[in-house]
Amino acid sequence: MKKLLLIILLFLTNFLVKADLIDQAVPFCPAKMNGTTQNIDFNSYKGKVVLIDFWATWCPPCKQSMPFLNALRNELLTQGFEIIAINVDEDKQQALRFLQSYPVDYQVVYDETGECPQRFEVEAMPSSYFVDRKGQIRSIHLGYRSSDQQYIREKITKLLSEK
Amino acid sequence: MNILYFRSFIVFLFFSLQGCSVAPWERGNLAKKNMAITVNSGLSALRDHAFTSKEASQGGYGGAGGGCGCN
């Protein structure tokens with residue numbers, strides 16, 4: 001009986017250590033803007049619908065998603081939509097080189113330490129966090145395929161319609 | 001009693017190994033082309049085809065991909 005209890009407990013700990021981020025405020029994260037030592041301040045985006053996107057240059061679907069995200073951001077910018085892309089390349093220069101060839105209009109911040117994805121409990125690359133106007137994470141989207149575009153657009157539009 | 005503790009310890013060790021995985025954001029090196037099981041996927045496909053024809057069995061070569069774990 002004791003043995004059984006121990007095994008059940010071991011299984012449970014795997015689930016218990018994982019806190020649920022849904023409906024929680026965006027966690028603090030030491031991602032920095034290029035050329036500064038200043039951390040990104042998610043609070044300054046309150047009142048806007050924000051998509052926080054984790055990406056890296058070695059991740060093909062991440063790069064594939066960027067033209068779509070950029071176009072969506074520019075289309076919905078006036079309605080209060082913004083994208084913050086957190087780059088998790090171990091060498092920031094790789095990201096900077098990539099962005100020189102394929103620039104985006106939204107804010108890109110860099111975290112070479114891996115602390116941000118840890119705090120956001122990133123499970124796949126890319127990962128998109130949909131944040132409402134109150135600054136709460138409402139849903140998380142893992143991965144990217146071109147067939148996801150409709151889903152992402154609908155999610156954003158729904159959050160934008162909330163006051 | 002000692003056997004019970006020993007078995008529990010083995011079970012604990014087994015579950016502890018779940019932490020021995022590469023985090024999704026740390027797979028930059030794994031995603032490199034030279035980390036693939038088959039570096040040249042075209043050549044592997046050709047060899048696989050030749051092997052299949054000669055041996056009338058399917059080869060055990062891996063597919064293309066860098067193993068970055070991207071969706």
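Me: Which residue in β5(A) stands opposite A:F54?

Reply: That's A:S127. One strand position along the same pairing, so to speak, is A:D53, which stands opposite A:S128 in β5(A). Before we go on: this is a predicted model, where local features need a pLDDT of at least 70, side-chain atom pairs count only at pLDDT 80 or more, and totals for chains, interfaces and linings use all residues. Residues are numbered from 1 along each chain as its sequence is written, chains are lettered from A and ligands numbered from 1 in the order in which they are written, and side-chain values use heavy atoms, with hydrogens and water left out.

Me: What makes β2(A) and β5(A) a pair?

Reply: Two strands pair if DSSP finds at least two bridges between them. β2(A) and β5(A) have five, in the antiparallel sense, so they qualify.

Me: And what are the helices and strands of chain A?

Reply: They're DSSP runs, numbered from the N terminus: helices are H or I with at least four residues, strands are E with at least two. Chain A comes to five helices and six strands. Along the sequence the pattern reads α-β-β-α-β-α-β-α-β-β-α.

Me: Why are β1 and β6 of chain A called edge strands?

Reply: The six strands form an open, mixed sheet in the order β1-β4-β3-β2-β5-β6. Each of β1 and β6 (137-142) pairs on one side only, and that's what earns them the name. β1(A) pairs with β4(A) in the antiparallel sense over two bridges, with A:M33 partnered by A:V109.

Me: What makes the pairing mixed?

Reply: You can see both senses in the sheet. β2(A) and β3(A) are parallel over seven bridges, and A:I52 stands opposite A:I84 there. β3(A) and β4(A) run parallel too, joined by four bridges, with A:I84 opposite A:Q107. Against those, β2(A) and β5(A) pair in the antiparallel sense.

Me: How do you know which hand the crossover from β3(A) through α3(A) to β4(A) has?

Reply: Point the strands away from you and follow the path from the first strand over the helix to the second: clockwise is right-handed. The β3(A)-α3(A)-β4(A) crossover is right-handed. β2(A), α2(A) and β3(A) make a right-handed β-α-β unit as well.

Me: Where does α3(A) lie?

Reply: Across β2, β3 and β4 of chain A, running at about 160° to β4(A). That angle is between N-to-C directions, on a scale from 0 to 180 degrees, with axes fitted to C-alpha atoms (for helices, over the stretch in contact, meaning heavy atoms within 4.5 Å).

Me: What makes β2(A) mostly covered?

Reply: Buried means under 20% relative accessible area, exposed over 50%, and partly exposed in between, using a 1.4 Å probe and protein chains only. In β2(A), seven of its seven residues are buried. Both faces are covered: A:V49, A:L51, A:D53 and A:W55 on one side, A:V50, A:I52 and A:F54 on the other. For chain A, with its 163 residues, 48% count as buried.

Me: Why is A:D23 called partly exposed?

Reply: A:D23 has a relative accessible area of 46%, which falls in the in-between range, so partly exposed it is. A:D23 lies in the loop between α1 (2-16) and β1 (32-33) and has a positive phi of about 65°, although it isn't a glycine. A:E121, at 23% relative accessibility, also counts as partly exposed. Phi of A:E121 is near 55°, another positive value in a residue other than glycine, and its place is in the loop between α4 and β5.

Me: What joins A:M125 and A:P126?

Reply: A cis peptide bond, with omega about -5°. A:P126 lies in the loop between α4 (115-119) and β5 of chain A.

Me: How many residues has the largest nonpolar core?

Reply: 54. To count, they must be buried Ala, Val, Leu, Ile, Met, Phe, Trp, Tyr or Cys, joined through side-chain atoms within 4.5 Å. Those with the most contacts inside the core are A:I52, A:F54, A:I86, A:F120, A:M125 and A:I156. Elements giving two or more residues include β2 (49-55), α2 (60-76), β3 (81-87) and α5 (149-161) of chain A.

Me: What does chain B average in pLDDT?

Reply: 75, and 75% of its residues score at least 70; pLDDT is the predictor's confidence in each residue, from 0 to 100. The model scores ipTM 0.79 and pTM 0.77.
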